[in-house]
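Thanks for coming. I will talk through one structure today, going from a helix to the sheet and then to some local details.

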Amino acid sequence: MTWRATILTLYPEMFPGPLGVSLAGRALNEGVWSLDTVQIRDFATDRHRSVDDTPAGGGAGMVMRADVLAAAVDHVLERRPDAPLLAMSPRGAPLEQGFVRELAAGPGVSILCGRFEGIDERLFEARPIVPVSVGDYVLSGGEPAALVLLDACVRLLPGVMGAPSSGEEESFESGLLEYPHYTRPIEWEGRRIPEVLRSGDHAKIAAWRQAKAADETRLRRPDLIARHGDARRPPPSGAQREKNKDE
Ligand code: SAH
């Protein structure tokens with residue numbers, strides 16, 4: 001079954017953009033997923049086809065109109081009642097791998113991309129729209145954020161990535177960052193690949209990787225540890241359990 005993405009945007013020409021090449025592009029051509037865009041401006045009703053107006057209360061910029069967006073949203077909800085409807089917004093819940101996995105396991109997604117200063121708040125009250133943020137910074141529009149979300153989902157679809165297991169050990173899947181990677185040459189600018197990785201001892205390698213993942217997460221992203229706690233860590237291997245006992 002094809003995983004379907006529907007994008008509501010003022011700039012349909014931005015899609016599939018970078019998702020038209022490499023793994024996602026091939027999967028798109030093969031019909032693993034599909035992409036439709038809906039031009040929000042087609043739902044404007046005045047003769048200037050306006051989609052925005054000045055902010056109530058004053059201030060800089062323009063705000064996207066609830067009535068025009070609602071018409072576009074209703075059009076999509078009618079055709080895709082099964083797919084969750086998201087809106088890219090810096091005020092939404094931060095995008096996380098668990099949610100990405102949920103979306104990828106479903107029938108697809110519909111995404112509303114904002115522009116200007118954002119969207120009239122009443123739209124979020126009146127329609128079942130989930131606001132989602134891609135991080136604590138401000139983009140000029142929701143389109144690059146939608147591409148980020150789609151990329152994260154599409155790579156999880158069956159058959160898109162080479163080895164099915166390569167998604168499972170990655171950063172965030174266990175609430176931790178991933179361990180560091182190395183490849184040949186064995187020595188580069190005087191730096192050697194850690195000996196343990198060349199030992200052939202799979203249990204030792206797994207323990208080393210898990211310890212590294214935990215150390216680096218503590219160092220770089222203590223917020224992840226605070227959020228997920230130890231409960232989200234994979235069960236330690238034998239060697240790691242011994243080490244933890246001594247701590
Ligand atoms: N004035 C708003 C920013 C609007 S940016 C504020 O300060 O909150 C214009 C559009 O870009 C938004 O409507 C949203 O669709 C998109 N956008 C900007 N930053 C984003 C982010 N971090 N995550 C998701 N979408 C974002």
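What should helix α2 span at 1.5 Å a residue, and how far apart are its end C-alpha atoms? Please keep in mind that this is a predicted model. Helix α2 covers residues 66-79, which is 14 residues, and at that rise the expected span is 20 Å. Its end C-alpha atoms lie 20 Å apart, so the two values agree.

Staying with α2, the buried residues in it are Ala-66, Val-68, Leu-69, Ala-70, Ala-72, Val-73 and Val-76. As a reminder, an α-helix has 3.6 residues a turn, so residues three or four places apart point the same way. The cover over the buried residues of α2 includes the strands β1 (3-9), β2 (33-39), β4 (63-64), β5 (85-94) and β6 (108-113), and also helix α4 (122-126).

Glu-78 is in α2 as well. With a relative accessibility of 64%, Glu-78 counts as exposed, because the cut-off for exposed is over 50%. Between the C-alpha atoms of Glu-78 and Glu-187 there are 59 Å in space, with the two positions 109 residues apart in sequence numbering.

That takes us to the domains. The domain assignment gives domain 1 as 3-154 and domain 2 as 187-246. Taken over C-alpha atoms, the centres of domain 1 and domain 2 are separated by 38 Å.

Next, the sheet. How many strands does the open sheet have, and in what order? There are five, running β2-β1-β6-β5-β7, and the pairing is parallel. The edge positions belong to β2 and β7 (130-133); each has a single partner strand, so one side of each has no neighbour in the sheet. On average, and ignoring direction, neighbouring strands of this sheet are turned by 35° against each other. Helix α5, residues 142-154, packs on the sheet and touches β1, β2, β5, β6 and β7. The direction of α5 makes about 165° with that of β6.

Within the sheet, β1 and β2 are joined by seven bridges in the parallel sense. Trp-3 is opposite Trp-33 in β2, and Ile-7 is opposite Thr-37 in β2. Of the seven residues of β1, six are buried, so the strand is largely enclosed by the rest of the structure.

Now the cysteines. The count of disulfides is zero. Cys-113 is in no disulfide, and the nearest cysteine sulfur, that of Cys-153, is 13 Å away. Cys-153 is likewise in no disulfide. Are these two residues buried or exposed? Cys-113 is buried at 1% relative accessibility, and Cys-153 is buried at 0%.

Last, the backbone. Which peptide bond ahead of Pro-16 is cis? The one from Phe-15 to Pro-16, with omega near -5°. Pro-16 sits in the loop between β1 and α1 (22-29). Arg-184 and Pro-185 are also joined by a cis peptide bond, with omega about 5°, and Pro-185 is in the loop between α5 and β8 (187-188).

Arg-49 is not a glycine but has a positive phi of about 55°. This residue lies in the loop between β2 and β3 (52-53) and is partly exposed, at 38% relative accessibility. Phe-116, also not a glycine, has a positive phi of about 60°. Phe-116 lies in the loop between β6 and α4, and its relative accessible area of 36% makes it partly exposed.

Notes:
Residues are numbered from 1 along each chain as its sequence is written. This is a predicted model: local features need pLDDT of at least 70, side-chain atom pairs count only at pLDDT 80 or more; totals for chains, interfaces and linings use all residues. Side-chain values use heavy atoms; hydrogens and water are left out. Helices (H or I, at least four residues) and strands (E, at least two) are DSSP runs, numbered from the N terminus. The expected span of a helix is 1.5 Å times one less than its number of residues. Buried means under 20% relative accessible area, exposed over 50%, partly exposed in between (1.4 Å probe, protein chains only). Contact means heavy atoms within 4.5 Å. Two strands pair if DSSP finds at least two bridges between them. Axes are lines fitted to C-alpha atoms, for helices over the stretch in contact, and angles run from 0 to 180 degrees between N-to-C directions. A disulfide is a pair of cysteine sulfur atoms within 2.5 Å. Domain bounds come from an automatic or database domain assignment.
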